[in-house]
Amino acid sequence: MSQENLPSTSALEAHLGFWLRFVSNHVSGRFQALLEGKGISITEWVALRTLYGQSGTSHSELIERLGMTKGATSKVITRLEEKSLAQRRLVDGRAREQMLVLTAAGQQLVPELAALADENDAYFLGHLTEPERATLMAQLQEIVRIHQLKSVPVD
């Protein structure tokens, strides 16, 4: 088929989804590099932040909040335990019921990692005014609400 016979199509750059993905990849990639400098993955960060400030979270609650499978969540918990950042505690001494909690080291690390997230936001979005940031946030949250998006971005 010759060039003149091709159907008219919109340019790649004409798609808002293209720009969302373009920006998201760069924002996420830089944040991932910052976290890796601390020996933490994006998934571990999300789990740490989810557990932060909680007196205990059940395995099923964490699965629901992360939107991950039981096996994937269990692997994340194991990695956090190996790094001495989280631990499983028995509920009333019963082995079948466990609560997940951050260790003192995990509690100390989360604010440091949150500061990296704030720094990353400022790096990419610091040029926006507060009203512009609020509008962008509201629009993205509206897309999440309308499409009932549940899975937390962990990769």
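**Close-up views of the predicted model**

**Figure 1. Contacts of Thr-43.** Apart from residues up to four places away in sequence, Thr-43 touches Met-68, Val-76, Arg-79 and Val-154 (contact: heavy atoms within 4.5 Å). The structure is a predicted model, in which local features require pLDDT of at least 70 and side-chain atom pairs pLDDT 80 or more, whereas totals for chains, interfaces and linings use all residues. Residues are numbered from 1 along each chain as its sequence is written, and side-chain values use heavy atoms, with hydrogens and water left out. Thr-43 belongs to helix 2; helices (H or I, at least four residues) and strands (E, at least two) are DSSP runs numbered from the N terminus. With 15% relative accessibility, Thr-43 counts as buried (buried: under 20% relative accessible area; exposed: over 50%; partly exposed: in between; 1.4 Å probe, protein chains only).

**Figure 2. Overall layout of the chain.** Six helices and three strands make up the regular elements of the chain, in the sequence order α-α-β-α-α-β-β-α-α. The radius of gyration is 20 Å, well over the 15 Å given by the globule rule for 155 residues, so the chain is more spread out than a compact globule (radius taken over C-alpha atoms; rule: 2.2 Å times the number of residues to the power 0.38). Along the principal axes, the C-alpha atoms fill a box of roughly 75 × 35 × 30 Å. Of the 155 residues, 25% count as buried. Among contacts between residues at least 6 apart in sequence, 53% join residues at least 24 apart.

**Figure 3. The largest nonpolar core.** This core holds 25 residues, of which Phe-31, Ile-40, Trp-45, Leu-48, Leu-80 and Leu-113 touch the most other members (nonpolar core: buried Ala, Val, Leu, Ile, Met, Phe, Trp, Tyr and Cys residues joined through side-chain atoms within 4.5 Å). Two or more residues come from each of helix 1 (16-36), helix 2 (42-51), helix 3 (59-66), helix 4 (70-82), strand 3 (94-102) and helix 5 (104-125). Helix 2 gives the most, with six residues. In soluble globular proteins, nonpolar side chains tend to be buried together.

**Figure 4. The surroundings of Trp-45.** When neighbours within four places in sequence are set aside, Trp-45 is in contact with Phe-31, Leu-35, Ile-40, Val-110, Leu-113, Ala-114 and Ala-117. Among these partners, Phe-31, Ile-40 and Leu-113 are also listed with Trp-45 as core residues that touch the most other members.

**Figure 5. Helix 5.** The 22 residues of helix 5 reach 32 Å from first C-alpha to last, close to the 32 Å expected at 1.5 Å a residue (expected span: 1.5 Å times one less than the number of residues). Gly-106, Leu-109, Val-110, Leu-113, Leu-116, Ala-117 and Asn-120 are the buried residues of this helix.

**Figure 6. Aromatic pairs and a charge over a ring.** The whole structure contains five aromatic pairs (centres of Phe, Tyr and six-membered Trp rings within 6.5 Å; planes under 30 degrees apart are stacked, over 60 edge-to-face, the rest tilted). In the edge-to-face pair of Phe-18 and Trp-19, the centres are 4.9 Å apart and the planes meet at 80°. Both rings belong to partly exposed residues: the relative accessible area is 23% for Phe-18 and 39% for Trp-19. Tyr-123 and Phe-124 likewise form an edge-to-face pair, at 4.9 Å centre to centre and 80° between the planes. Here Tyr-123 is exposed at 54%, while Phe-124 is partly exposed at 22%. Phe-18, Trp-19 and Phe-22 constitute one aromatic cluster. Arg-30 lies over the face of Tyr-123, 3.9 Å from the ring centre (criterion: NZ of Lys or CZ of Arg within 6 Å of the ring centre and within 35 degrees of the ring normal).

**Figure 7. Thr-103 and Ser-84.** Thr-103 occupies the loop between strand 3 and helix 5 and is buried, with a relative accessible area of 15%. Beyond its neighbours within four places in sequence, Thr-103 is in contact with Ser-84, Leu-85, Ala-86 and Gln-87. Ser-84 is found in the loop between helix 4 and strand 2 (86-91) and is partly exposed at 45%. The phi of Ser-84 is near 60°, a positive value in a residue other than glycine.

**Figure 8. Gln-148.** Gln-148 is placed in the segment after helix 6 (130-146), and its phi is near 50°, a positive value in a residue other than glycine. Most residues other than glycine have a negative phi. Gln-148 is exposed, with a relative accessible area of 58%.
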